[in-house]
Amino acid sequence: MTVWQIVLLASIACLALKLAGYLVPARVLARPTTARTADLLTVALLAALIAVQTLAAGTRIEIDARVPALAVAAILYALKAPFIVAVLAAALTAAGIRLLT
Amino acid sequence: MAEPADEAAALESRSAARTGWAVGVATATYGVSFGALAVAAGLDVWQTCVLSLVMFSGGSQFAVVGVLAAGGVAAGPSAIASAALLGARNSLYGIRVKPLVGSGFWRQVAAAWITIDESTAVATAQQSPRARSVGFWVTGLVVFVGWNLTTLVGALIGDSIGDVSAWGLDAAAAAAFLGLLWPRLRRLQPVVVAIGAAVVATVLTPWLQPGLPVLIAAAVAVVFGVTNLFGSPAREVDDGGGAA
């Protein structure tokens, strides 16, 4: 696959899912089980992506500057800091640790 | 002379528009981080902009970029599947906002395009039909225009930065996902699912090609969704909390 094919296929899939909400009869999608699973899918995927982004290096697990960086972001979110502040603080933490070690 | 009820509705509509602008501007600011991360993951500036223009759903966009950053083009199918699974909630938002956005084919297509966490949340927080419609369209359009502009800015910045890890951009990606996840962790069930999915993805990482552990971790959501383990009593579609 080329990067363009990935970008276009993924984009069309996401747009089609949005349109489906307007086209598919509500009773099919609004069942509690379906709704709950869709919500939890979002949670599970985000959590899995966090784990992989923080710990994986290819197919190895590596504990490095990303772990304290994520901890800093978590503390800032807990203190209700804005998204962009937490993301920048995480980047600066990782960059700072790599500069010093 | 306007009836008091009309005045109240007009007041609520103006308030909905103000909320839409505030949410829209706040959301658009982190389009910069998406643009920079996308370029760092190997996309060019145009590919990055197409994601923001057509996919236009922050979680899914970060997922494509995150999976490609870890696994390269070989992880393409996993990247597409991750984005689609994360975008599935937008279908449910569509059901709720469809009655609020007005009729007509093109109007509904445009509404579907900008049906995301933020526009749904602002619309459904209003009381009158008029304010709901105003809240939806103002939020959706401000986020759309702002997000696409800041994506371009971020992509151009990322293009000129060079080495990603020296700037801590890889850590920024995890922090961005955490920001999207944080508002969803208010009840026990999502917390349990989040921990379970993170453990599954980590444990599988040494055994599978990059991208697949994330997809398999999604099964945790299906198990808990179907059985409602650790769940509250059955309810209708959740409020559109959280970020893009």
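These exercises work through the contact between chain A and chain B and the buried residues of a predicted model.

Local features need pLDDT of at least 70, side-chain atom pairs count only at pLDDT 80 or more, and totals for chains, interfaces and linings use all residues. Residues are numbered from 1 along each chain as its sequence is written, chains are lettered from A in the order in which they are written, and side-chain values use heavy atoms, with hydrogens and water left out.

**Exercise 1.** State how many residues each chain gives to the contact and what area is buried between chain A and chain B.

Solution. Start with contact, meaning heavy atoms within 4.5 Å. Chain A supplies 67 residues and chain B 93 residues. Next, take the buried area (accessible area, 1.4 Å probe, that two parts lose on being put together, summed over both). It comes to about 6,900 Å², and carbon and sulfur atoms give 77% of that. On the chain A side, the most area is lost by A:K18, A:Y22 and A:F83, together 12% of what that side buries.

**Exercise 2.** Find the salt bridge between chain A and chain B, then describe the side of chain A that touches chain B.

Solution. A salt bridge needs a side-chain nitrogen of Lys or Arg within 4 Å of a carboxyl oxygen of Asp or Glu. The count between the chains is one. A:R98 and B:D170 form a salt bridge, with the closest N and O atoms 2.9 Å apart. Now turn to the elements, where helices (H or I, at least four residues) and strands (E, at least two) are DSSP runs numbered from the N terminus. Helix α3(A) gives the largest share of this side, 24 residues. Sorted by class, the side has 50 nonpolar residues (Ala, Val, Leu, Ile, Met, Phe, Trp, Tyr, Cys and Pro), six charged (Asp, Glu, Lys and Arg) and 11 polar (the others, Gly among them).

**Exercise 3.** Explain why B:S60 and B:T139 count as buried, and list what each touches.

Solution. Buried means under 20% relative accessible area (1.4 Å probe, protein chains only). B:S60, in helix α4 (residues 58-71) of chain B, counts as buried because its relative accessibility is 0%. Not counting residues up to four places away in sequence, B:S60 touches A:C14, B:M55, B:A83, B:L86 and B:G87. B:T139 sits in helix α8 (residues 129-161) of chain B and is buried because its relative accessibility is 0%. With the same exclusion of residues up to four places away, B:T139 touches B:G20, B:V23, B:E118, B:S119 and B:V122.

Key:
Buried < 20%, exposed > 50% of the residue type's maximum accessible area, 1.4 Å probe, protein only.
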